[in-house]
Amino acid sequence: MIKRTAAYPLFLIYSGLTAFGFSMAFTVASLYEVTVAGLNPLQLVLVGTTLEAAVFLFEVPTGVVADSFSRRLSIIIGLFLVGAGFITEGLLPFFVPILLAQVLWGVGYTFTSGALQAWISDEIGEERANQAFLRARQLEMLTGLAGIAAGTLLGRVNLAFPLVACGALMALLGLGLIFTMPENGFKPTPSAERTTWGNMFETFRGGLRTVRQRPALRAILWIGLFYGLYSEGFDRLWVAHLLQNYSFPWAEPVVWMGLLRGTAMLLSVAAVEMVQRRVDVTRLRSLAGWIAAASAGIVLSLAGFAVTRWLPAALLLYLIISVLRNWVEPLYTAWVNQRLDSQVRATVLSMSSQVDAIGQIGGGPLVGLVAQQVSITAALLSSSALLTPVLGLIRPQLRAPNPPAAGQEESPRD
């Protein structure tokens, strides 16, 4: 008989290992794409746009699969696809194969996105799950720090090694989950009711009904859209910006990137611990206030990062942006997750990821063209401007009441 592991510790193990692998790969990914694959600024952004297009196309369908069939199976499939994507990019340093790699790991991500959060919510309950998101984020930053160190060491030998190692780790984790992952809190749709795609469309329609009945949830998804619009340019161009505009003393760029990411991770652990202790994740106003403060900080810091030509200032501003982004992510997830019905939880959570993907698909090429035709500095300033509308969208939520329990409607005034 297969022995299953308790859901909460397994969720933390999953979070820690995937963060380690992703950090190992992302420590060198942009350097690899700029220096080994030789991608220009527009190609760098198009790599990200391809990834987000894959997320956009598959996020809701895979979320519906997780709600209708098995969240456990969805997560396992996703890990194998993510692994295949990273291995492909590491072995084939050319523009087209790198685009294919984004499709593979983007589709794989959609199998895990929403499904993972919905799985742990059903296994241990929504309130404990919202706390678990913050605790997992702390663990992810700690294991991510170890991943940065590993990526830096491997990258000094060969920039492709961390990418391939990340892919192998994801595949091994997927194999391990086959034998250890429980699924006790979720009842899949009976096989007799799965004879057509009708059930999947009904689940999706249920998710849309939830969004329509919750004006505050609609506003939250709009906020996610603008986060997507700004983030693609920054994510894909910050390394190229540093390499183009600054000289790095004492060590090679891969070491500096590792130190920078590691410092950001350590600072983020402390910041999220503060949020864990001070934010009431059950109250919409509290979540909105903290997200508003972080968003304003990102807007100002990104503008400063784009224009300063003093290396210490640029590094400090990068650290501030990174900490604030790590601060926002679990709070936004908890905000979307407020009192959702279990039957549509993964679908609604997937919708939040999909609107982020729409934003990145729309904002990425625009910012990339600015970078190619004007400058990377102008592109980063454009990214800062794209996040500014979030401040206006959050403001009404600072006065909004908590959302109703699942199955109830909000007042249109909320």
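Colleague: Let's start with the fold as a whole: among contacts between residues at least 6 apart in sequence, what percentage join residues at least 24 apart?

Modeller: Keep in mind that this is a predicted model. Taking contacts in the protein chain between residues at least 6 apart in sequence, the ones joining residues at least 24 apart come to 86%.

Colleague: And the secondary structure, how many helices and how many strands?

Modeller: The chain has 414 residues, and 58% of them count as buried. As for secondary structure, the protein chain comes to 15 helices and zero strands.

Colleague: What share of the exposed area do carbon and sulfur atoms supply?

Modeller: The protein chain exposes about 16,700 Å². Of that area, the share from carbon and sulfur atoms is 65%.

Colleague: There's a nonpolar patch on the surface; which helix gives the largest share of it?

Modeller: The patch is made of Phe80, Leu172, Leu175, Ile178 and Phe179, with about 460 Å² of accessible area together. Four residues of the patch come from one helix, spanning residues 161-180. That largest share belongs to helix α7.

Colleague: Take Leu172 from that patch: is it buried or exposed?

Modeller: Leu172 sits in helix α7. Its relative accessible area is 58%, and the cut-off for that class is over 50%. So Leu172 is exposed.

Colleague: Now the charges. How many salt bridges are there by the rule used here?

Modeller: Side chains of opposite charge can pair when their charged atoms come close. One of the pairs is Glu33 with Arg236, at 3.9 Å, N to O. By the rule, the count of salt bridges comes to five.

Colleague: Staying with Glu33 and Arg236, how many residues apart are they?

Modeller: Their side chains meet in a salt bridge. Glu33 is in helix α1 (residues 7-36) and Arg236 is in helix α9 (residues 215-245), so the pair links distant parts of the chain. Both Glu33 and Arg236 are buried. Their separation in sequence is 203 residues.

Colleague: Which residues are linked with Arg236 in a network of salt bridges?

Modeller: Arg236 also meets Glu232 in a salt bridge, 3.3 Å from N to O. Glu232 and Arg236 are four residues apart in helix α9, which means about one helical turn between them. Both of these residues are buried. The network linked with Arg236 consists of Glu33 and Glu232.

Colleague: Why would a separation of four places suit two side chains in a helix?

Modeller: Glu232 and Arg236 show that spacing in helix α9. An α-helix has 3.6 residues a turn, so residues three or four places apart point the same way.

Colleague: Asp235 forms a salt bridge too; which residue is its partner?

Modeller: The closest N and O atoms of this pair are 2.7 Å apart. The bridge links distant parts of the chain, from helix α9 to helix α12, with the two positions 90 residues apart. At 28% relative accessibility Asp235 counts as partly exposed, and its partner, at 23%, is partly exposed as well. That partner is Arg325.

Colleague: Helix α12 also holds Ser322. Which residues is it in contact with, leaving aside neighbours within four places in sequence?

Modeller: Ser322 counts as buried, at 10% relative accessibility. Leaving those neighbours aside, its contacts are Ala264 and Ser268.

Colleague: And Thr18, which backbone oxygen lies 2.8 Å from a polar atom of its side chain?

Modeller: Thr18 lies in helix α1 and counts as buried at 8% relative accessibility. Beyond its neighbours within four places in sequence, Thr18 is in contact with Leu79, Met170 and Leu173. The backbone oxygen at 2.8 Å is that of Tyr14.

Colleague: How far apart in space are Thr18 and Gly144, C-alpha to C-alpha?

Modeller: In sequence, Thr18 and Gly144 are 126 residues apart. In space, the C-alpha to C-alpha distance is 8.6 Å.

Colleague: How many of the 24 residues of α11 are buried?

Modeller: Helix α11 covers residues 284-307; at 1.5 Å a residue it should span 34 Å, and its end C-alpha atoms are 35 Å apart, which agrees. The helix is largely enclosed by the rest of the structure, because the number of its residues that are buried is 17.

Colleague: Last one: how far apart are the end C-alpha atoms of helix α14?

Modeller: Among the buried residues of α14 are Ile376, Leu380 and Leu387. The helix has twelve residues, 376-387, and at 1.5 Å a residue it should span 16 Å. The distance between its end C-alpha atoms agrees with that, at 17 Å.

Terms used:
Residues numbered from 1 in each chain as written. Predicted model: local features only at pLDDT ≥ 70, side-chain atom pairs only at ≥ 80, totals over all residues. Heavy atoms only, no water. Patch = residues over 30% accessible without salt bridge, like charges linked within 9 Å, V, L, I, M, F, W, Y side chains within 5 Å. Areas by Shrake-Rupley, 256 points an atom, 1.4 Å probe, with all protein chains shown as cover. Salt bridge = Lys/Arg side-chain N within 4 Å of Asp/Glu carboxyl O. Buried < 20%, exposed > 50% of the residue type's maximum accessible area, 1.4 Å probe, protein only. Contact = heavy atoms within 4.5 Å. Expected span 1.5 Å × (residues − 1). Polar contact = N/O pair within 3.5 Å; in protein donor to acceptor, adjacent residues only side chain to side chain.
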